[in-house]
Amino acid sequence: MKTMTKRKFQNRLNDLDSKTWLKFQKSWFIHNPPPRRKDVLRHPAKFPESLAQEFIEFFTKRGQIVLDPMVGTGSTQIAALRSGRHSYGIELNPNYAEIARQLIDEERKNLCETVESLASLVITGDAGKFSELAAKFEIPLIDYMITSPPYWNMLHAKGSKTQENRRSANDLDLFYSDNPDDLGNIDDYDQFLDQLVDVYESIKPFIRPRAYLTIIVKNVKKGGMVYPLAWDLCRRVGKIFQLKDERIWCQDDLHLFPYGYGSAWVSNTFHHYCLQFRNE
Ligand SMILES: C[S@@+](CC[C@H](N)C(=O)[O-])C[C@H]1O[C@@H](n2cnc3c(N)ncnc32)[C@H](O)[C@@H]1O
């Protein structure tokens, strides 16, 4: 008589229980960033550590390796530490890279011996030269990448004057840098897209087969036009990695402005796309 042996369930992707797994599967979520500390306020556009942590905990197991090639002030790496993962970050602007190192040091002190064995290296450099940096700093094979690029040259666009005045009055950066290698300083949209996609393509050999990647981005409105950055990245990066889908990050704590009131449709864009790819 044949005996039926039931195969034991094994979660090979992450360490989550089924309830948390299910919750993450909703294709949209609301996440209102907590108020930022003064030192990270200097950076014009960071994502919250708490958001990055949810993604890292879904797409990796404890002890695995996370990469952010444009790490800004280090949100991804703080989140990686909190969730017990190794992390590597690259950032072009040395001031942001230094802030990231300081925040990581502080976080390590808070988390004490639980994170002693974890690597969290912030490299000041150009993500466009990823393979050189990977060789120089001995970056190991990556289990998951989460990142957010400059939203084209949106920070240079003439936006809300009050916001600009408030930031410059408080000595906060209006854009990331004046470095020509800063992708946020490229004026031509197609050239920006080409260079950004080249960065992701150059990282591919360093990503473990079947590992996931998350790119957080918005479509860009400029001069009465919409540049569908998120959708363009789906098509372009989708030729390098397999596009899986998107999760839509909504914010519902922002002030509404009556753009185009009485004459035209101009929405308040309170959502970002978290684009999911897999190295298949
Ligand atoms: C949207 S921000 C990332 C913010 C980051 N997720 C955080 O939470 O702090 C984009 C970052 O890309 C950096 N950047 C732009 N061009 C770069 C390049 N060629 N190499 C590395 N970093 C670059 C900018 O300095 C900026 O900090």
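Mentor: Before we look at the ligand, one working rule: a residue is near a molecule if one of its heavy atoms lies within 4 Å of it. Keep in mind, too, that this is a predicted model.

Trainee: Okay, so which of the residues around the ligand come nearest?

Mentor: There are 23 residues around the ligand, and the nearest are His 43, Ser 75, Glu 91, Asp 126 and Ala 127. Sorted by kind, the shell has 12 nonpolar, six polar and five charged residues.

Trainee: How do I read the polar contacts, and what is the distance from the ligand to the side chain of Ser 75?

Mentor: Look for pairs of N or O atoms within 3.5 Å. In the case of Ser 75, a side-chain N or O atom sits 2.6 Å from an oxygen atom of the ligand. With Asp 126, a nitrogen atom of the ligand is 2.9 Å from an N or O atom of the side chain. Phe 47 joins in through its backbone: a polar atom there lies 3.0 Å from a ligand oxygen. As for cover, the ligand alone would expose 600 Å², and the protein buries 99% of that.

Trainee: Now the sheet. What is the order of its strands?

Mentor: Read across the sheet, from neighbour to neighbour. Here the open sheet has eight strands in the order 1-9-10-6-5-2-3-4, and the pairing is mixed.

Trainee: Why is one side of strand 1 and of strand 4 left without a neighbour in the sheet?

Mentor: Strand 1 (28–30) and strand 4 (120–124) are at the edges with a single partner strand each, so one side of each has no neighbour in the sheet. From one strand to the next, the twist averages 20 degrees.

Trainee: And in which sense do strand 9 and strand 10 pair, parallel or antiparallel?

Mentor: Compare the directions of the two strands. Strands 9 and 10 are antiparallel, with eight bridges, and Gln 242 faces Arg 278 in strand 10. Strand 1 runs parallel to strand 9, joined by three bridges, and there Phe 29 is opposite Trp 249. Strand 5 (residues 142–147) and strand 6 (residues 207–217) are also a parallel pair, with five bridges; Ile 142 has Ile 207 as its bridge partner.

Trainee: Which strands does helix 4 touch?

Mentor: Helix 4 (residues 75–82) packs on the sheet against strands 2, 3, 4 and 5, and its direction makes about 175 degrees with that of strand 3. Helix 9 (residues 229–237) lies across strands 6, 9 and 10, at about 5 degrees to strand 10.

Definitions and conventions: Residues are numbered from 1 along each chain as its sequence is written. This is a predicted model: local features need pLDDT of at least 70, side-chain atom pairs count only at pLDDT 80 or more; totals for chains, interfaces and linings use all residues. Side-chain values use heavy atoms; hydrogens and water are left out. Two strands pair if DSSP finds at least two bridges between them. Helices (H or I, at least four residues) and strands (E, at least two) are DSSP runs, numbered from the N terminus. Axes are lines fitted to C-alpha atoms, for helices over the stretch in contact, and angles run from 0 to 180 degrees between N-to-C directions. Contact means heavy atoms within 4.5 Å. A polar contact is a pair of N or O atoms within 3.5 Å; within protein, one must be able to donate a hydrogen and the other to accept it, and residues adjacent in sequence count only if both atoms are side-chain atoms. Accessible areas come from the Shrake-Rupley method with a 1.4 Å probe; for residues, only the protein chains shown count as cover. Ala, Val, Leu, Ile, Met, Phe, Trp, Tyr, Cys and Pro count as nonpolar, Asp, Glu, Lys and Arg as charged, and the others, Gly among them, as polar.
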